[in-house]
Amino acid sequence: MKQTKRIRLLCGQLAPCETFADVGCDHGYCTQYMLEENLCRRAVVSDISAGSLSKAEKLLSAYIAEGRVAPVCCPGLEKIPRDTEQVLIAGMGGEEILSILREGFLPPALVLQPMRHAPKVRAYLLENGYSIVRDFTFFDGKFYDVLRAEFPAYRGAAVRSYGERELTFGFDNIRSPSPDFLQMLEEEMRKCRARLAAAQKPVPAVEEKLRRITEVYHDLARSV
Ligand SMILES: C[S@@+](CC[C@H](N)C(=O)[O-])C[C@H]1O[C@@H](n2cnc3c(N)ncnc32)[C@H](O)[C@@H]1O
């Protein structure tokens, strides 16, 4: 099985369930992991692109023949059974993920890896009654955010209380910062300084961003 660090970390957030859906599956590696590790009984792989879906169909052909995997070509959750327990949506923009959820349905468990706008995704999940049980940044050639959210009634997940910093940067990043996250903050500070130097005049929005990131960085670097 293909095991990039990103795929390995995504798979690590998936829990055992009866029914699993991989929305925007492309190659289908995470569904392969769920099946090979016996973490789900049945899975649906979906993609808006028939070409992308065909990669998952090829990878998972034995499971499709067995009737354990159903491939569907559709936007978002359109053809995903509403009683699906756990849904993965990875590698898309945060805005795209939010429109998929708004136009579809809210499953008991979600694993999301938004390429942008993670704070908006966090806010939406919390507003809709989810508990975000994992929420961290990692580096695999670039920086990625991954979130696991569950309805508290699903498996009794403890509700974690989000303040402004947790919403902006991610709960686990703030409460137990990893070297990858601190490296991301360092890189963001460097980018802000480079933009300010290039502008050669005050840029209040960038100055404010630099001030906030620097403050968080110093608080966290002191605590590790
Ligand atoms: C960058 S790939 C990510 C593939 C895989 N989920 C991963 O994380 O490795 C994004 C995939 O999402 C699909 N996609 C984009 N928008 C979609 C939507 N609204 N509904 C379903 N699939 C979508 C694309 O066709 C593409 O195959």
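This tour goes through a predicted model in three stops: a hairpin, a pocket with one of its lining residues, and a loop residue.

**Stop 1: the β6–β7 hairpin**

Select residues 131-139, which make up strand β6, and residues 143-150, which make up strand β7. The two strands run antiparallel and are joined by eight bridges. To check the register, pick Ile 132 and look across to β7, where Ala 149 stands opposite. Then move to the turn: three residues separate the strands of this hairpin. Gly 141 sits in that turn, with a positive phi of about 85°. When colouring side chains here, keep in mind that in a regular strand they alternate between the two faces of the sheet.

**Stop 2: the largest pocket**

Keep β7 displayed, since this strand is among the elements that give two or more residues to the lining of the largest pocket. Add α6 (118-127), α8 (164-169), α10 and α11 (204-223), which complete that group of elements. The pocket holds about 810 Å³ of space.

How many residues line the largest pocket? The lining has 24 residues, and those nearest the centre of the pocket are Pro 119, Asp 145, Met 184, Glu 188 and Lys 209. Show these five as sticks to mark the middle of the site. Next, select α10 (residues 179-199); this helix gives the most to the lining, with seven residues. Colouring the lining by class gives 11 nonpolar, three polar and 10 charged residues.

Now centre on Glu 188, which lies in α10. Is Glu 188 buried or exposed? Its relative accessibility is 18%, and buried means under 20%, so Glu 188 counts as buried. Its side chain makes a polar contact of 3.2 Å with the side chain of Lys 191. Setting aside residues up to four places away in sequence, Glu 188 touches Lys 209 and Ile 213. Lys 209 is also one of the residues listed nearest the pocket centre.

**Stop 3: Thr 84**

Go to the loop between β3 (69-73) and β4 (86-92) and select Thr 84. Thr 84 is buried, at 2% relative accessible area. Its side chain reaches the backbone oxygen of Pro 81 at 2.6 Å.

Which residues surround Thr 84, once neighbours within four places in sequence are left aside? The contacts are Thr 19, Phe 20, Ala 21, Pro 107 and Pro 108. To finish, draw a distance between the C-alpha atoms of Thr 84 and Phe 20: the separation is 6.0 Å, although the two residues are 64 residues apart along the chain.

Terms used:
Residues numbered from 1 in each chain as written. Predicted model: local features only at pLDDT ≥ 70, side-chain atom pairs only at ≥ 80, totals over all residues. Heavy atoms only, no water. Pairing = 2+ DSSP bridges. Helix = DSSP H or I, 4+ residues; strand = E, 2+ residues; numbered from the N terminus. Buried < 20%, exposed > 50% of the residue type's maximum accessible area, 1.4 Å probe, protein only. Polar contact = N/O pair within 3.5 Å; in protein donor to acceptor, adjacent residues only side chain to side chain. Contact = heavy atoms within 4.5 Å. 1 Å grid on protein atoms, 1.4 Å probe; cavity = no way out; pocket = protein on both sides within 12 Å on 5 of 7 lines; lining within 4 Å. Points joined across faces, edges and corners; volume = space filled by probe spheres on them. Nonpolar A, V, L, I, M, F, W, Y, C, P; charged D, E, K, R; others polar.
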